[in-house]
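Here are three short exercises to work through with the structure beside you. Try each task before you read its solution.

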Amino acid sequence: MDYRALLLSTLLVLRTYALPTEVSPEEKALITPAPTPTLAVYGEYAAIRRGVLSDITADLDSYVNSIFSDLGSAIPSYVSNGLFPNFQNLPTGSAVASSVGAKSTDLAASPTQVLNIPGYGNWTNNGWNLRIHGNVYKEPTISNATVDKLANFFLIDTSVADLQPSEQDQARNLTREIYVVQQDNQTVTMDILPGPGAGSSGQPGGGGGVTPAGGEQFLTLPNPTTPEGDFDVFMPVSNTSLVLTPGTGDVPPQRLNLYAQGAMSGNATSYLVSDQGFTVISDIDDILRVTKIYEPKQGLLNSFARPFTQWMNMPEIYTNWSNSIPNVHFHYLTTTPEQITRNYMQFIYDTYPGGSFDTRPLNFSDVSATLSIRKFLLVKIFETFPNRKFILVADTSNSDVMRDYPQMATEFPGQVQCIFLRNTSATDSGDKFPYNTEGFKGLNQSSYMFFKVPDDLMGLDIANGQCYNSSIPQNVTFGYQGLPFGVNLGDGSSNGSSNSSSNGSGPARSGDVLSRIGTMVMLVAGVVAFNIV
């Protein structure tokens, strides 16, 4: 049988059903159209599986790639870049000013504001270096009617008028945070003081470090803000101006409060982190909070209008880690655009141990940059702390996580202590797309675990290398998991069934041409099936 002909015929049939449907005017972007013609809403499941296209094409031969690339030409870029469709290509700078009718004279009279993102600092031969990063902007005056129109763009099958009053307030506030005018060529100065506490970890005064004894320092950043209003630089912090403990050995993180000078807003708590100890690098969506990013309608409501809600008893796990892991530092890494991360930071400080943050800066705005931003930020912190051990936490709905986390263990040997991944497809019926475990094939099972509920993480002696709860079955077949009909693909397997979306499903091995074609057909069929639901 000519398997290539079979595959081509199958894909052509599938493509017939994958043609984009016409969208209504209210579904189309109100601001800044995409640079190439794409669909504003790709069925109900736009962006349902983050990075799935890049994962699919990366593992197939050039013949299959050429066919799928042709099929994929009708699939919007946001399906593969890990964003809600409505959070793609957010307007910035002059685009915001023109879209809301803001006059330059009005902006000139508006107060300057700063998004100050909590940073981390490392110990060097010359003392402490602190990473200071964020964005400088002005908020234009926008009428309530215009705000509601803009906010409706971020909602699916509903509008601001249909929300509860508290939800309306949140939607409008977040819309105003998005429609700000970034300020380039600005000089940033920070006033640095000891931080009394940040975060809710069950410890008196907040968790995530200790408070320095005293002192104060003013720092002016050496470079002005970028055209996007961003700033990101490591700056030396004086041991004489501030009473700081040197960062060698078993030293807990030291909290510092940073206040942007000459701005109406702009304070953050940052952390000086010693060269030894453990750092938890944690995603936020669908691991610390209920987002459902794989269900865009609910995901947008949960992110844009509804109060942030913790995922089960995950705060209890982080409280235990804060109290039991020696010299632990928490770092929260989200690829959400920085304009909409204030709610994320407030949620973390209200619910989890305080820690430093990374978000997606404005200069990472196109698809290729978005796909690489998590790895870029992971490499930055790994290289900053070459002697610390890292505990990586996320969920299986992130294709970049499924690729990048095992890569970090391979590229930085000895630095990854544990990898913990919530299996969203096994615990949430709304996540129907497969995920790829191929990157874990070369890792020792004792260094990672797929889990279903937070209690699966209870009682692990992480500091001594216990990352795997043997009572939680895994069934990793090192390929695509969670395919239709309970099929998993890949070579090799570990024990049990926690990593399968259906109990008791054994490994289905692939490797020959027919199996690879079958894999491709099933994956494409999955994309198409969810498009036409």
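Keep in mind that this is a predicted model.

**Exercise 1. Which way does the disulfide of cysteine 418 and cysteine 467 turn, left-handed or right-handed?**

Step 1: Find the pair. The sulfur atoms of cysteine 418 and cysteine 467 lie 1.9 Å apart, and a disulfide requires them to be within 2.5 Å.

Step 2: Look at the torsion about the S-S bond. Its value is about -65°, so this disulfide is left-handed.

Step 3: Place the two ends. Cysteine 418 sits in strand β14, while cysteine 467 is in the loop between β16 and β17; the pair links distant parts of the chain, 49 residues apart. Cysteine 418 and cysteine 467 are both buried.

**Exercise 2. At roughly what angle do the axes of helix α6 and helix α7 cross?**

Step 1: Locate residues 144-152 for α6 and 165-178 for α7.

Step 2: Compare the axes. They come within 9 Å and cross at roughly 90°, which means α6 is roughly perpendicular to α7.

Step 3: See who takes part. Among the contact residues are Val147 and Leu150 of α6, and Ala171 and Arg172 of α7. Sorted by class, this contact has 4 nonpolar, 2 polar and 3 charged residues.

**Exercise 3. Is glycine 208 buried or exposed?**

Step 1: Find glycine 208 in the loop between β5 and β6.

Step 2: Check its relative accessible area. The value is 7%, and buried means under 20%, so glycine 208 is buried.

Step 3: Explore its surroundings. Glycine 208 touches several residues, including Pro253, Tyr271 and Gly354. Histidine 329 is 121 residues from glycine 208 in sequence, yet their C-alpha atoms are 6.2 Å apart.

Technical notes. Residues numbered from 1 in each chain as written. Predicted model: local features only at pLDDT ≥ 70, side-chain atom pairs only at ≥ 80, totals over all residues. Heavy atoms only, no water. Helix = DSSP H or I, 4+ residues; strand = E, 2+ residues; numbered from the N terminus. Buried < 20%, exposed > 50% of the residue type's maximum accessible area, 1.4 Å probe, protein only. Axes fitted to C-alpha atoms, helices over the stretch in contact; angles between N-to-C directions. Parallel < 35°, antiparallel > 145°, perpendicular 65-115°, else oblique. Contact = heavy atoms within 4.5 Å. Nonpolar A, V, L, I, M, F, W, Y, C, P; charged D, E, K, R; others polar. Lists of a residue's contacts leave out its neighbours within four places in sequence.
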